[in-house]
Amino acid sequence: MTSEEAAAARPRQDEQPVTARPRQGEEPAARPRQHGDIVLAAAIAMIAVQLVWRFDFIRRTYFRQDDFTFIARGLEHGLTWDYLMRVDYGHLMPGPFAIHWAMGRAGVYNDVLAHLVTLGLLAAAAFALLRLLRLLFGTRPAILVPLGFYLLTPLLVSSLSWWAVVIETLPFQIALAMALGSQVLHARTGRFRHALAVAAWAVFAMVFFVKAPFILVLAFVLTIGWFPGARRRAGAWLLYLAVVAGYAVVFFRQLFTSVQLTNDTVRPAFPDPGVAVSFAWKLLSAALVPGALGGPWQWYPISEDYAIAAAPRALAWAALGVAVVAVGVSLWCRRRAWLAWLTLLGYFVLADVVPVMIGRIVQLGPDLGGQELRYVSSTAMLLAVVIGLAYIPVLGEPDPWRRPAPGPRRLPRVRAALRYAWVPVAAAFTAGSVWTAVAYARMPLGDHVKSYVATGRAALARAPINAVILDAHVPARVVLPLFFRDYALVSRVLGPVAPNPVTWTRRLTGPVANPLAFDDAGRLRPVDIQGMTIPQRGGCTPVSSREKRFRLPAAVPDGEWTVQVGYLNPTPSTIAVRLGGAVTTVPAGKDFGWTFATVDGGGSDVGIRTTDGRTVCVGEIRLGVPRPAANGTPTPLQPVSP
């Protein structure tokens, strides 16, 4: 903290606490300074404890879902404008895209580096909030309450388990606190360099998170509400307006031109009013309010490594009641508490509800989307500031307290009651927050996905050079094919960690020798055509240019089928494989072997003929779907432990 910031954070003379007379030989001015040093030391200790506590949770997380897609996409592109400025389903995030690009070149799935970055961002966010609280309220014991809220709140829990969310929301929270701190300095000094700092932090946030423009709106509300006599200069507000306008132009241009994974462009639309209201209420009552009070206490896993809030109905209603009481007490005691809570409500509606409502609530539904804590995780920083503004007088704030009836003599007793009322509330909040975090940590988190990647890495290291590997989708617990399509293929997820060159194929075609496929654990196994088999009497059946029909044990519906044809040829040949009305031509080699044909058709028989007039001897025919052989020897023999 600079000398100017320290001066701004130092309590003014008329706000110094009344102290006993100094003893003989003791300096009267020493106590306030020592008092502030103790508070600062306590705050730093709290941040250190939080980092140790969070580290035990973060180290068990791993990359998930979007992370693999973003890293794969970063490996496919250069660090270009088009790559960085693609709007991904409503999110303009060149900063995270740049980090994913770098992550792909720093070990691909370097979870240790990701954990260190997460801890660094958490520490920076906590110290940024501490700076802001000191600038707003001075270095007084009361600031430890909102700081402690931010350090413990479960609103951050689920987002900390998802790397893509971490590098969007934590830089935003850092920028939010730093920008508001600079705005406090600008309001008190009128110096334009602080306004420039506010704008710079807002731009920094815009690089990472779509909610960033609201930082400048919050700076405006903070100044108007708590610094009515501030030295306002039009230049600062024009600068902020120019930053927001510039961002809006870039964002909307990219929004309507960026091509999504579905090969479509975004078409924002408001959902049905009933769905919108239901989602907003659910997000408030099931996510934000319980999370702000130490909940949701229970989780609903939607995968092995992620869960959404599942607060018991009774506790959710109790949390709403406690929230109403907390807001009511602050409104009764503090003159400007109404503006603090109104600011939070406005931010919640405009920044948390509306973007999700426009972008993806139709796909998620109001119930599932409304229980998603990551949609309000970035609000934790603002909520900590609002708690401070609602209960703690800002330095220099004129007449901050309302006078309770019947007269001013009761005011000291009310203040004394409030001074100690937070203790049981803080104890309950701490217990609930720890309980909630421990409940989330009971899940496997990233263990299974990390094991899959580590096993796949080991399998590829032992695979023959230029081995042919079937490029199928990875298990849904790793990357959901429904959402991420081709980025859920094994070649996109495990291909980047292959130490030796291999050949990936979506369809088996021709005489492929010893094709391999990954099983659900990440091990390589021989490919087996799972379906039906047509054996041949006498070993093989001669087939020439006249089609020979081989009846199937049962008819198959129209679809994509792989036909494996065994052969014994004196010379290489080419055969045509027919299924229904679909025909595929593939080569058949010399001597004994097999060839594969992928046919889009259906019917009750398979027709085979040669196209070059030669005769081939067709052996066993298999028709079905290529899968890793259940009885084949896997590589490695056992999955790698995380």
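Accessible area here comes from the Shrake-Rupley method with a 1.4 Å probe. I applied this to a predicted model, and for the protein chain I noted about 29000 Å² exposed, with carbon and sulfur atoms supplying 62% of that area.

**Overall layout.** I went through the secondary structure and found 22 helices and 14 strands in the protein chain. Of its 642 residues, 51% count as buried. I then looked up the contacts with a separation of 6 or more, and residues 24 or more positions apart account for 78% of them.

**Helix H5.** I asked myself which residues are buried in helix H5, residues 94-104. They are Pro-94, Gly-95, Pro-96, Phe-97, His-100, Met-103 and Gly-104. I followed these buried residues to their partners, and they pack against helix H3 (66-76), helix H4 (81-84), helix H6 (111-137) and helix H9 (163-189), as well as against strand S1 (87-88) and strand S2 (91-92). For Phe-97 I added a further note, since the charged end of Arg-73 sits over its ring, 4.9 Å from the centre.

**Aromatic rings.** I looked up the aromatic pairs, and the count came to 22. One that I examined is Trp-504 with Phe-518, where the ring centres are 6.4 Å apart and the planes stand at 20 degrees, so I entered the pair as stacked. Trp-504 lies in strand S6 (residues 503-505) and Phe-518 in strand S7 (residues 516-518), so the pair ties together parts that are 14 residues apart in sequence. Trp-504 has 24% relative accessibility and counts as partly exposed, whereas Phe-518, at 10%, counts as buried. Elsewhere I found one aromatic cluster formed by Tyr-62, Phe-63, Phe-68, Tyr-109 and Trp-163. I also recorded Arg-64, which lies over the face of Trp-162 at 4.2 Å from the ring centre.

**Cysteines.** How many disulfides does the model hold? I counted one, and it joins Cys-540 to Cys-617 with an S to S distance of 1.7 Å. Cys-540 lies in the loop between strand S8 (524-534) and strand S9 (541-543), while Cys-617 lies in strand S14 (residues 616-628), so the pair ties together parts that are 77 residues apart in sequence. The torsion about the S-S bond of Cys-540 and Cys-617 is about 80 degrees, and I therefore noted the disulfide as right-handed. Is Cys-617 buried or exposed? Because buried means under 20% relative accessible area, Cys-617 counts as buried at 14%, whereas Cys-540 counts as partly exposed at 23%. I checked Cys-333 as well, and at 5% relative accessibility it counts as buried.

Note on methods:
Residues numbered from 1 in each chain as written. Predicted model: local features only at pLDDT ≥ 70, side-chain atom pairs only at ≥ 80, totals over all residues. Heavy atoms only, no water. Buried < 20%, exposed > 50% of the residue type's maximum accessible area, 1.4 Å probe, protein only. Helix = DSSP H or I, 4+ residues; strand = E, 2+ residues; numbered from the N terminus. Contact = heavy atoms within 4.5 Å. Phe/Tyr/Trp six-rings, centres within 6.5 Å; stacked < 30°, edge-to-face > 60°. Lys NZ or Arg CZ within 6 Å of the ring centre and 35° of its normal. Disulfide = S-S within 2.5 Å.
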